[in-house]
Amino acid sequence: MKTTWQCSKALWEEVTLKVNRSVVYVDDPCAELLHWQGGMARLLEAGAVDVREFSSFEKADPNQKKAVFIVSSMLRDSVTRDVLKDVVEQSSFQYAVVISTVSSSVHAFDRTGSAEVDDKQDFDEMEDLLLQWMGNMNYTAEIFHIPLFTADICPGMFVTPAFSRVFPMLDTDVQHVQLQYNSAHKVKGDKALFTSLSEIECHHLPKALQNTFKRLACCFHALLSDLGVREDLYSVGHTSRLLATEIENYPPAKIRRKNVSNRASLVLIDRTLDLASPAGHQLDTLLDKITSVLPSLPRHNADVLVDMSGLCSISQDAKSVIVPGSLASGNFSTQPTHLQNLVYGKHKECLMAVNRRLVEAASSEKLPVNLAGKPGRVTAEQLDTTLSLFKGNYAAIESHLDTLQVAMATSQALKHQDIGRNDNLLSTEKNLVQLVGDDSSAGGLSHILTLLKGQLQLPANQRSHSLDDVLMVLTFLYSLSGGDCGEEELEVQDLLVDAVLAEKSDLPPVIHAIVGDAVSGSIVRDLLEDVWSKLEAVGAAREDLKNFQSILEPTSAISPASMKPLLKTIVEQIFSPDKPELVDLEFKSSGLKDFLKSGFGLFMNVSKPRPSDHPLLLVFVVGGVTATEVKQVRDVMDKMKLDKQVIIGSTKLLRGNDVLQSIFCQNNVDPDSIL
């Protein structure tokens, strides 16, 4: 069976067939996908003369006659259309190609509101517009659908950059959906009254959010088609239920399922059901440690910026001219595995592997390697000493770039000032786990109250926890405890209001995004009350679950309390030899339901389907996943000695602040925040 990387590689090979002698314009999500499939060099090797940003500020040279646009948004989107118009009219193209990751059927739904219409009208209209903008109807314009979707971090793990802002709805979004729906259907007199997320169906959502889910369904269909499988669909959580419905009902998918015999299971899981795992600082993988402290590569979600200037023979003043390094590989002939240890390896073993590969690279170039240092221990200084051997040796750097970038990122992470901050937060979280897991304790908020009081007595530059850190710990606590945190809510809110007002000129990013330039205590209090309603919704996210209602193993006579990460627990239950009933996994397969309803189940021994029934299990977390969670799943597979293939995918690779941004700073129902 093909891998997701092989599927992605084949799609990019289709793209490269279109780019010869062209200027290529790529939007941000597609640029991130390309970044994990060989980068810009892949297009240049295929004959592209230039690769540029998809922006109205770009135009081609007069002698450049062919353009290829690679876009992930709807062609009917006004911004997309304006950018295409601006670039084409400012250039002298005679041949324009648009590669859209969105299918004609999703475009047709956007235009007609019907999921059953599948015509090429939008593509034909765009071809005509391109010819008009080029100024000659005898020129050539073509539109192609190529479903670019996955960026593979390493074998068995992928993210989907075009959907990085998709995040599951919380109870606080119910009223917003209701207002949007009633406003859009006022003329028809169709009025809805929702009391919970369970009552909301796809057609109740704002049109742009419906489009987003249909785009996801289109991409999943293409991926499953490339893998050559028909899927059994399962979901855990309300947003995943809606997405599963879209995938199940996507018209081209119905045809595919009739013509494919190989089977797979697809399990969709809401991130909001366990926010303690990504908000916490139990970072069991080197990749999470690196991404938690190094800055993101600009306009990317999964990769980090690695300062490579130390390997270049330049002055300090000229550092800014050096293009930053990253973790992705420039190799696109075979699947890179250089990040596999960073995801699946134990921290100490991974450090040793990074150092070993670096030493081997230096030795292969006959550089004078110094093997001094304590056996079994790898330090940043040790890595830096070996890295310095490559300084100015650009042929050697090019030959071993993947190894050098990973080693440089590791060194910079180990030396980063936030490592100590993360350790402090981990200590706080461990205390909260014990407090929540002990029935006799007063609750976690009392601990946070004590923490806040102690921190606010110190000058801002001497505190171990910023206000964003406090919000992170609160998110961790509410998700962990299910909202049962103690009686000190008002006291904590009062302290936070005082702290925000005291630091209003120098607030950390997330708190500043929440309160803006609010200057009065009453306004700040109103804003923080909204924060608290979202925290309470986070705590209530698992209320409808039965088996997975708790992510905490309480204190017992023989062991202290501990966390039960939801993703790991679900996979354990799926593959458990005891085959417990998976009541929280909602199964979607109209074919089997019709079969059972027909009465044949009375005469045949039909067992209830399980995700473990098929050789491939694809688990997709809506809202982001951490490398630590992926490792935990791999550890379960290794412990059980499973012969199944398990692939973990998600909308993005999560950092702690991403969780706060998604919950408190973006509206997950508003179309403008999704597209």
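The radius of gyration used here is taken over C-alpha atoms, and the globule rule sets the expected value at 2.2 Å times the number of residues to the power 0.38. Good morning, colleagues. I shall present a predicted model, beginning with the protein as a whole and then turning to particular strands and residues.

For 675 residues, that rule gives a radius of gyration near 26 Å for a compact globule, and the protein, at 26 Å, agrees with it. Along the principal axes, the C-alpha atoms occupy a box of roughly 80 × 75 × 60 Å. The secondary structure consists of 28 helices and 14 strands.

How much of the protein is buried? Of the 675 residues, 54% are buried. The exposed surface comes to about 29200 Å², and carbon and sulfur atoms supply 49% of that area. As for contacts, among those between residues at least 6 apart in sequence, 79% join residues at least 24 apart. Turning to charge, there are 65 positive and 87 negative side chains, and the centres of these two sets lie 5 Å apart.

I now move to strand E8, which covers residues 230-236. Six of its seven residues are buried, so the strand is largely enclosed by the rest of the structure. Which strands pair with E8? One of them is strand E9, residues 263-270, which runs parallel to E8 and is joined to it by seven bridges. Within that pairing, Asp232 has Ser265 of E9 as its bridge partner. Another is strand E12, residues 586-588, which pairs with E8 in the antiparallel sense over three bridges. Here Tyr234 stands opposite Phe587 of E12.

The loop that precedes our next topic leads from helix H24, residues 566-575, to E12, and Lys579 lies in it. To place its backbone in context, most residues other than glycine have a negative phi. In Lys579, by contrast, phi is positive, near 50°. Is this lysine buried or exposed? Lys579 is exposed, since its relative accessible area is 56% and the cut-off for that class is over 50%.

A second lysine also has a positive phi: in Lys641 the angle is near 55°. Where does Lys641 lie? Its place is in the loop between helix H26, residues 627-640, and strand E14, residues 645-650. With a relative accessibility of 71%, Lys641 counts as exposed.

Next, Asn331 sits in the loop between helix H12, residues 286-293, and helix H13, residues 340-344. Its relative accessible area is 28%, and Asn331 is therefore partly exposed. How far is Asn331 from Arg42 in sequence and in space? The two are 289 residues apart in sequence, while their C-alpha atoms are 8.9 Å apart. Setting aside residues up to four places away in sequence, Asn331 touches Gly38 and Pro336.

My final residue is Thr403, found in helix H17, residues 401-415. This threonine is buried because its relative accessible area is 11%, and the cut-off for burial is under 20%. What does Thr403 touch, apart from its neighbours within four places in sequence? Its contacts are Arg357, Leu358 and Ala361.

To close, let me return to two points. The radius of gyration of the protein agrees with that of a compact globule, and strand E8 is largely enclosed, with six of its seven residues buried. Thank you for your attention.

Note on methods
Residues numbered from 1 in each chain as written. Predicted model: local features only at pLDDT ≥ 70, side-chain atom pairs only at ≥ 80, totals over all residues. Heavy atoms only, no water. Helix = DSSP H or I, 4+ residues; strand = E, 2+ residues; numbered from the N terminus. Buried < 20%, exposed > 50% of the residue type's maximum accessible area, 1.4 Å probe, protein only. Contact = heavy atoms within 4.5 Å. Areas by Shrake-Rupley, 256 points an atom, 1.4 Å probe, with all protein chains shown as cover. Lys, Arg positive; Asp, Glu negative; His and termini not counted. Charge placed at Lys NZ, Arg CZ, Asp CG, Glu CD. Pairing = 2+ DSSP bridges.
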